[in-house]
Amino acid sequence: MKILVTGAKGQVGAALVRQGKDRGHEMIAMDRQSLDITDREANHAAIHCDTPDLVINAAAYTAVDKAEEDEASALAINGAGAENLAHICHEIDIPFLHISTDFVFDGTKEGAYVETDPVAPLSAYGRSKAVGEEMITAIGGRHIILRTAWVFGGAQNFVSTILRLADERDELNIIDDQTGGPTPAGAIAETLLTIAEQVTEEGFDDWGLYHYCGKPSVTWYGFTKAILEGRDKPRVNPIPTEDYPTPAERPKNSVLDCSRIRDVFGIEQPDWQAALKDILKVRGK
């Protein structure tokens with residue numbers, strides 16, 4: 001299968017290209033320099049020229065706090081960019097896979113969020129991703145929107161930040177009242193490729209929204225303690241959200257119910273603890 005991947009140098013995009021090749025697929029890797037997804041004509045030319053069997057959009061504006069001052073850029077990439085790709089894929093009748101986020105929810109629900117729960121984003125980033133979902137859904141066609149959360153595994157993410165700070169400081173204050181499911185970037189890539197292989201089979205018709213995140217659920221404090229397990233320093237202190245104000249408001253509950261993706265695709269939630277141990281081993285930590 002020939003798969004075009006946007007955002008090919010990001011955490012998930014790079015894993016997609018690597019794993020896709022390992023699975024025998026022809027991967028067309030597009031980063032922000034080779035394809036501006038906000039340019040519909042450029043998208044049209046790239047997709048028609050490369051004639052992929054399927055497109056996976058891993059490109060996104062992910063600077064959550066910066067988006068509070070630059071919502072237009074977030075909307076251009078996460079909203080209009082996603083719409084451009086979805087429109088072209090629908091036009092030539094090929095499947096379109098898109099990555100979204102837990103940030104479309106306000107985090108006030110008791111229990112895990114299901115795909116049919118109403119969105120109520122708290123931040124500019126969340127609003128931009130919700131707009132992208134809405135636009136893709138409105139276009140229709142053969143599409144999958146995969147909501148995920150707390151992605152880690154690439155060069156720049158929460159794990160790498162904590163490891164850097166641990167080398168610089170004797171004490172860390174980490175939020176302990178936001179809960180979610182850390183999700184390995186490699187597992188997201190594997191899931192998207194598994195979905196890609198199934199949705200191209202004749203007769204598939206379960207399009208739409210799916211949730212996918214790691215288990216078990218944990219707070220940022222708990223996640224940090226796992227990252228630094230076995231270290232004497234730094235000391236890690238649990239704090240409430242109010243003690244660490246940020247420009248963008250985060251949902252306190254980011255737990256996603258992943259029953260639908262299991263029932264339709266046979267995909268189970270990844271164990272983030274096992275994935276974290278593998279990453280730390282590679283990093284020599």
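**A walk through one cavity, one pocket and three helix pairs**

Hi everyone. The largest cavity here has a volume of about 30 Å³. Please keep in mind that we are looking at a predicted model, and that residues are counted from 1 along the chain.

Why start with empty space? Rolling a probe the size of a water molecule over the atoms shows where such space is left. In this structure, the search gives one cavity of 30 Å³ or more.

Which residues line the largest cavity? If you want to click on them, they are Ala86, Cys89, His90, Ile94, Phe96, Gly140, Gly141, Arg142 and His143. Helix H3 makes the biggest contribution to that lining, with three residues. Sorted by class, the lining of the largest cavity has four nonpolar residues, four polar ones and one charged.

Now let's stay with H3 and look at its neighbours. H3 runs over residues 71–92, and it packs against helix H2, residues 40–50. The two axes are 10 Å apart, at an angle of about 40 degrees. H2 and H3 are therefore oblique to each other. Their crossing is right-handed. On the H2 side, the residues that touch are Arg40, Asn43, His44, Ile47 and His48. Across from them, H3 offers Glu83, Asn84, Leu85, His87, Ile88, Glu91 and Ile92. That contact between H2 and H3 is made of four nonpolar, five polar and three charged residues.

H3 has a second partner, helix H4, which covers residues 124–139. What is the angle between H3 and H4? About 15 degrees, with the axes 8 Å apart. Angles under 35 degrees count as roughly parallel, so that is the word for H3 and H4. This crossing is right-handed as well. From H3, the contact uses Glu71, Ala74, Leu75, Asn78, Gly79, Ala80, Ala82, Glu83, Ala86, His87 and His90. From H4, the residues in the contact include Ala124, Tyr125, Arg127, Val131, Met135 and Ile139. Here the classes come out as eleven nonpolar, six polar and four charged.

If you put those lists side by side, a few names come back. Glu83 and His87 of H3 touch H2, and Glu83 and His87 also belong to the contact with H4. Ala86 and His90 are in the contact with H4, and Ala86 and His90 also line the largest cavity.

Let's move along the chain to another pair. Helix H5, residues 158–168, and helix H7, residues 220–227, have axes that come within 10 Å and cross at roughly 65 degrees. H5 passes H7 in a right-handed crossing. Phe158, Val159, Ile162 and Leu163 of H5 meet Trp220, Phe223, Thr224 and Ile227 of H7. How many charged residues does the contact of H5 with H7 have? There are no charged residues in it, with seven nonpolar and one polar.

Next, an open space rather than a closed one. The second largest pocket has a volume of about 250 Å³. Its lining holds 18 residues, and Arg18, Gly153, Ala185, Gly186 and Ile279 are the ones nearest the centre. Three helices, H1 (11–22), H6 (185–199) and H9 (272–283), each supply at least two residues of this lining. H1 gives the most, with four. The lining of the second largest pocket divides into nine nonpolar, five polar and four charged residues.

Last stop: some backbone details. Most residues other than glycine have a negative phi, and most peptide bonds are trans. With that in mind, here are three places to look at. Lys215 and Pro216 are joined by a cis peptide bond, with omega about 0 degrees. You will find Pro216 in the loop between strand S10 (208–211) and strand S11 (218–219). Lys233 and Pro234 are also joined by a cis bond, and omega there is about 0 degrees. Pro234 sits in the loop between H7 and strand S12 (235–239), and that is the H7 that meets H5. Finally, Thr51 has a positive phi of about 45 degrees, although Thr51 is not a glycine. Where is Thr51? In the loop between H2 and strand S3 (54–57).

That's my tour. Thanks for listening!

Key. Predicted model: local features only at pLDDT ≥ 70, side-chain atom pairs only at ≥ 80, totals over all residues. Heavy atoms only, no water. 1 Å grid on protein atoms, 1.4 Å probe; cavity = no way out; pocket = protein on both sides within 12 Å on 5 of 7 lines; lining within 4 Å. Points joined across faces, edges and corners; volume = space filled by probe spheres on them. Nonpolar A, V, L, I, M, F, W, Y, C, P; charged D, E, K, R; others polar. Axes fitted to C-alpha atoms, helices over the stretch in contact; angles between N-to-C directions. Parallel < 35°, antiparallel > 145°, perpendicular 65-115°, else oblique. Left-handed = near helix turned anticlockwise from the far one by under 90°. Contact = heavy atoms within 4.5 Å.
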